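This report describes the model shown below. It proceeds from the chain as a whole to one helix pair and one residue.

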Amino acid sequence: MGFIYISKMSSDEPVEPDIPIPELENLFDASIRVFLRNGIVTATMDDVAEAVGVSTKTLNTAFGSKRELAVSALRWYYLKYSQQMQSVMAMHSDAYSALQGVLMEFTELCCDDIKAEKGLFWPTLVDLGYVDENLWAEFQNLQFDWEDQIRDKLTQCQDELKNPEDIEILTAYFIMVFEGLYELVKFGTPREKLFALIEVTLEVLGSRMKTGGK
């Protein structure tokens with residue numbers, strides 16, 4: 001694995017190592033498998049280093065600690081999904097098409113990860129966050145960012161809504177939908193059923209729009 005240059009951020013921030021993207025993602029994938037197998041509390045950097053195929057010293061130089069490694073992985077997977085969501089949302093000027101596109105893209109990404117036998121590593125880190133205070137705090141920060149993206153789109157399109165006061169409840173509703181879709185993908189729900197459920201889900205938004213949505 002090609003660790004070349006390592007650039008540290010401030011001591012309060014996770015480390016951003018200069019590692020080629022494919023190798024970095026493989027490192028995070030292997031790390032999460034170790035956290036799942038050994039438990040995130042009891043897993044050690046030695047365990048991760050062995051799974052990744054590098055020395056513990058090299059891994060510590062790149063990330064500094066198990067916490068920094070876990071937080072860096074969480075941010076990596078969040079950005080992988082979030083940047084794609086932002087692109088899809090920006091393509092649509094109306095709220096209905098934007099949320100429809102984002103939900104379908106999220107579902108496709110999750111299903112593709114399952115098909116590639118990569119697992120759902122970003123949501124898995126969220127699950128692990130329930131037993132790790134630092135990881136949970138980082139997830140909440142990222143969750144707020146995702147909520148803001150949905151809220152901003154609904155606010156941008158508030159003239160389409162019968163009652164703009166619905167923006168907050170709709171934001172919370174769609175966060176719940178994302179989490180529900182993740183669980184359904186995790187348990188093997190077929191894509192066609194997931195997409196049908198998305199259409200049913202969007203009826204909630206359509207009922208609150210002046211045009212009915214579609």
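The sections below cover confidence, overall architecture, an annotated region, a helix pair and a residue within that pair.

## Model and confidence

The structure is a predicted model. The mean pLDDT of the chain is 80, and 81% of the residues reach a score of at least 70.

Confidence varies among the elements of the chain. Helix H9, residues 191-206, has the highest mean pLDDT, at 95, whereas strand E1, residues 5-7, has the lowest, at 30. Over residues 1-15 the pLDDT is below 50; this stretch nevertheless has 39 contacts in the model beyond near neighbours in sequence.

## Overall architecture

The chain contains 9 helices and 2 strands. Read from the N terminus, the order of elements is β-β-α-α-α-α-α-α-α-α-α.

Of the 214 residues, 45% count as buried. Among contacts between residues at least 6 apart in sequence, 70% join residues that are at least 24 apart.

## Annotated region

An unreviewed UniProt entry lists residues 44-63 as "DNA-binding region". In the model, this segment is 80% helix and 0% strand. The C-alpha atoms at its two ends lie 13 Å apart.

## Packing of H4 and H5

Helix H4 spans residues 66-90 and helix H5 spans residues 95-115. The two helices pack at an angle of about 150°, with their axes 9 Å apart. The crossing of H4 past H5 is right-handed.

On the H4 side, the contact involves Lys 80, Tyr 81, Gln 84, Met 85, Val 88 and Met 89. These residues meet Ala 98, Gly 101, Val 102, Glu 105, Phe 106, Leu 109, Cys 110 and Asp 113 of H5. By class, the contact of H4 with H5 comprises 9 nonpolar, 2 polar and 3 charged residues.

## Glu 105 within the helix pair

Glu 105 is located in helix H5. Is this residue, Glu 105, buried, partly exposed or exposed? Its relative accessibility is 22%. Buried means under 20% and exposed means over 50%, so Glu 105 counts as partly exposed.

Apart from neighbours within four places in sequence, Glu 105 is in contact with Gln 84, Met 85 and Val 88. These three residues are among those that H4 contributes to the contact with H5. For one of these partners, Gln 84, the C-alpha atom is 7.9 Å from that of Glu 105, although the two residues are 21 residues apart along the chain.

Notes. Residues are numbered from 1 along each chain as its sequence is written. This is a predicted model: local features need pLDDT of at least 70, side-chain atom pairs count only at pLDDT 80 or more; totals for chains, interfaces and linings use all residues. Side-chain values use heavy atoms; hydrogens and water are left out. Axes are lines fitted to C-alpha atoms, for helices over the stretch in contact, and angles run from 0 to 180 degrees between N-to-C directions. Helices (H or I, at least four residues) and strands (E, at least two) are DSSP runs, numbered from the N terminus. A crossing is left-handed if the near helix is turned anticlockwise from the far one by less than a right angle, and right-handed if clockwise. Contact means heavy atoms within 4.5 Å. Ala, Val, Leu, Ile, Met, Phe, Trp, Tyr, Cys and Pro count as nonpolar, Asp, Glu, Lys and Arg as charged, and the others, Gly among them, as polar. Buried means under 20% relative accessible area, exposed over 50%, partly exposed in between (1.4 Å probe, protein chains only). pLDDT is the predictor's confidence in each residue, from 0 to 100. UniProt positions are given in the numbering used here, feature names are shortened, and annotations may be inferred rather than shown by experiment.
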